[in-house]
Amino acid sequence: MRIFVNGDQHEIEPGTLALALTTLGYGCKKVATAVNGRFVPAPARPATELSDGDKIEVVAPMQGG
């Protein structure tokens, strides 16, 4: 399945947002996510099914100012 993460194309196995984040290396990190422009809270990620062509935005907090 083809998805776009922060504008970059990735090929992953079909599944949920939680599985995609783990596959892409975000599984253990605290991140905020949106799928096709809609915010997805962390508890909803395991139930959020992805479709071919979905656009995912991943934002991680940074230290500093």
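In the exercises below, Lys and Arg count as positive and Asp and Glu as negative, whereas His and the chain ends are not counted. The structure is a predicted model.

**Exercise 1. Charges and surface**

Determine how far apart the mean positions of the positive and negative charges of the protein are.

*Solution.* Step 1: by the counting rule above, the protein has 6 positive and 7 negative charges. Step 2: the mean positions of these two sets are 10 Å apart. Step 3: turning to the surface, the protein exposes about 4,500 Å², and carbon and sulfur atoms supply 55% of this area.

**Exercise 2. The overall fold**

State the order of helices and strands along the sequence, and judge how compact the protein is for its length.

*Solution.* Step 1: count the elements; the protein has one helix and five strands. Step 2: place them in order, which gives the pattern β-β-α-β-β-β. Step 3: compare sizes; for 65 residues the globule rule gives 11 Å, and the radius of gyration is 11 Å, so the protein is as compact as a globular protein of that length. Step 4: the C-alpha trace spans about 40 × 25 × 20 Å along its principal axes. Step 5: consider contacts between residues at least 6 apart in sequence; of these, 53% join residues at least 24 apart.

**Exercise 3. The nonpolar core**

Identify the elements that each supply at least two residues of the largest nonpolar core.

*Solution.* Step 1: 32% of the 65 residues count as buried. Step 2: the largest nonpolar core has 13 residues, and those with the most contacts inside it are Ile3, Ile12, Leu17, Val35, Leu50, Ile56 and Val58. Step 3: strand 1 (2-5), helix 1 (17-23) and strand 5 (55-59) each supply at least two residues of this core. Step 4: the greatest contribution, three residues, comes from helix 1. Step 5: take Ile3 as an example; leaving aside residues up to four places away in sequence, its contacts include Ile12, Ala20, Leu24 and Ile56. Asp8, Gln9, His10, Ser51 and Asp54 are also among the residues that Ile3 touches.

**Exercise 4. Buried or exposed?**

Classify Thr16 and Met62 as buried or exposed.

*Solution.* Step 1: recall the cut-offs, under 20% relative accessible area for buried and over 50% for exposed. Step 2: Thr16 has a relative accessible area of 10%, and therefore it is buried. Step 3: Thr16 lies in the loop between strand 2 (8-11) and helix 1. Beyond residues up to four places away in sequence, Thr16 touches Arg45, Pro46, Thr48, Glu49 and Leu50. Step 4: Met62 has a relative accessible area of 76%, so it is exposed. Met62 is located in the segment after strand 5.

**Exercise 5. Two asparagines with positive phi**

Describe the backbone angle phi, the location and the exposure of Asn6 and of Asn36.

*Solution.* Step 1: Asn6 is not a glycine, yet its phi is positive, at about 50 degrees. Asn6 belongs to the loop between strand 1 and strand 2. Step 2: with a relative accessible area of 34%, Asn6 is partly exposed. Step 3: Asn36, likewise not a glycine, has a positive phi of about 50 degrees. Asn36 sits in the loop between strand 3 (32-35) and strand 4 (38-40). Step 4: the relative accessible area of Asn36 is 45%, so this residue is partly exposed. Step 5: the C-alpha atoms of Asn36 and Met62 are separated by 23 Å, and the two residues are 26 residues apart along the chain.

Methods
Residues are numbered from 1 along each chain as its sequence is written. This is a predicted model: local features need pLDDT of at least 70, side-chain atom pairs count only at pLDDT 80 or more; totals for chains, interfaces and linings use all residues. Side-chain values use heavy atoms; hydrogens and water are left out. Helices (H or I, at least four residues) and strands (E, at least two) are DSSP runs, numbered from the N terminus. The radius of gyration is taken over C-alpha atoms; the globule rule is 2.2 Å times the number of residues to the power 0.38. Buried means under 20% relative accessible area, exposed over 50%, partly exposed in between (1.4 Å probe, protein chains only). Contact means heavy atoms within 4.5 Å. Accessible areas come from the Shrake-Rupley method with a 1.4 Å probe; for residues, only the protein chains shown count as cover. The place of a charge is taken as NZ of Lys, CZ of Arg, CG of Asp or CD of Glu. A nonpolar core is a set of buried Ala, Val, Leu, Ile, Met, Phe, Trp, Tyr and Cys residues joined through side-chain atoms within 4.5 Å.
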